[in-house]
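Colleague: Could you take me through one part of this model at close range? I would like to follow a single stretch of the chain and see how it fits with the rest.

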Amino acid sequence: MAFTDAEKTDIRRFCGFPAFGGQPVQAFGHRFYQQYGTLEFRLNNLQASEEAVIRATYLANLQQLEADIVGTRESLDTDQAAVWTHNKREQQDREALFDSWRRRLCGFLGIPPGPALGDGGLTLVV
């Protein structure tokens, strides 16, 4: 079964690509990157078993991880309560786990991470 538009949007987003847009012809932007074309080709031509892996393993986990990051806002004001001590790096730890899974999805699809995800290394601007 082919991916729905919502699933494709999530996959693009999780892989670090910007919104697709609704214009049929745009002579600029991410649509003309080779990796973006590869991503679109793969999304439209995967085997049913590969789509099942993406739905069950990647989309399900990434959606939950993303929700968990947003959920950390509930405990950002607590530093210590009774014997419980808040992990001050909770949000950073969750974001690192989330980005790790995003990169795994890119690896499964055989594409490099998109511009919003980057390569995960250090970037110096001179």
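Modeller: Happy to! One term first: a residue counts as buried when its relative accessible area is under 20%. Please keep in mind that this is a predicted model.

Let us start from Glu51, which sits in helix H3, residues 48–71. Glu51 has a relative accessible area of 5%, so this residue is buried, given the cut-off of under 20%. What is Glu51 in contact with, once its neighbours within four places in sequence are left aside? The partners are Met1, Ala2, Phe3 and Leu46.

Now step back to the helix around this residue. H3 is made of 24 residues, and the distance from its first C-alpha to its last is 33 Å, close to the 34 Å expected at 1.5 Å a residue. Along the way H3 has a kink of about 30 degrees, with Arg55 at its centre.

Which residues of H3 are buried? Besides Glu51, they are Ile54, Tyr58, Leu59, Leu62, Leu65 and Ile69. This buried set packs against two other helices, H1 (5–14) and H4 (90–109).

That brings us to the interior. In soluble globular proteins, nonpolar side chains tend to be buried together. Here, the largest nonpolar core holds 22 residues, and Ile11, Cys15, Ile54, Leu105 and Leu109 have the most contacts inside it. The elements giving two or more residues to this core are H1, H2 (34–45), H3 and H4. H3 gives the most, with 6 residues.

Leu109 is a good place to see how these pieces meet. Apart from neighbours within four places in sequence, Leu109 is in contact with Ile11, Cys15, Leu39, Arg42, Leu46 and Ile54. One of these partners, Ile54, is among the buried residues of H3. Another, Leu46, is also a contact of Glu51.

Finally, here is the setting for all this. The chain has 4 helices and 2 strands, and from the N terminus on they run α-α-α-β-β-α. Of its 126 residues, 30% count as buried. Looking at contacts between residues at least 6 apart in sequence, 67% join residues at least 24 apart. As for the outside, the accessible surface of the chain comes to about 8200 Å², and 55% of that belongs to carbon and sulfur atoms.

Terms used:
Residues numbered from 1 in each chain as written. Predicted model: local features only at pLDDT ≥ 70, side-chain atom pairs only at ≥ 80, totals over all residues. Heavy atoms only, no water. Buried < 20%, exposed > 50% of the residue type's maximum accessible area, 1.4 Å probe, protein only. Contact = heavy atoms within 4.5 Å. Areas by Shrake-Rupley, 256 points an atom, 1.4 Å probe, with all protein chains shown as cover. Expected span 1.5 Å × (residues − 1). Bend = angle between axes of the 7 residues up to and from the residue. Core = buried A, V, L, I, M, F, W, Y, C linked by side-chain atoms within 4.5 Å.
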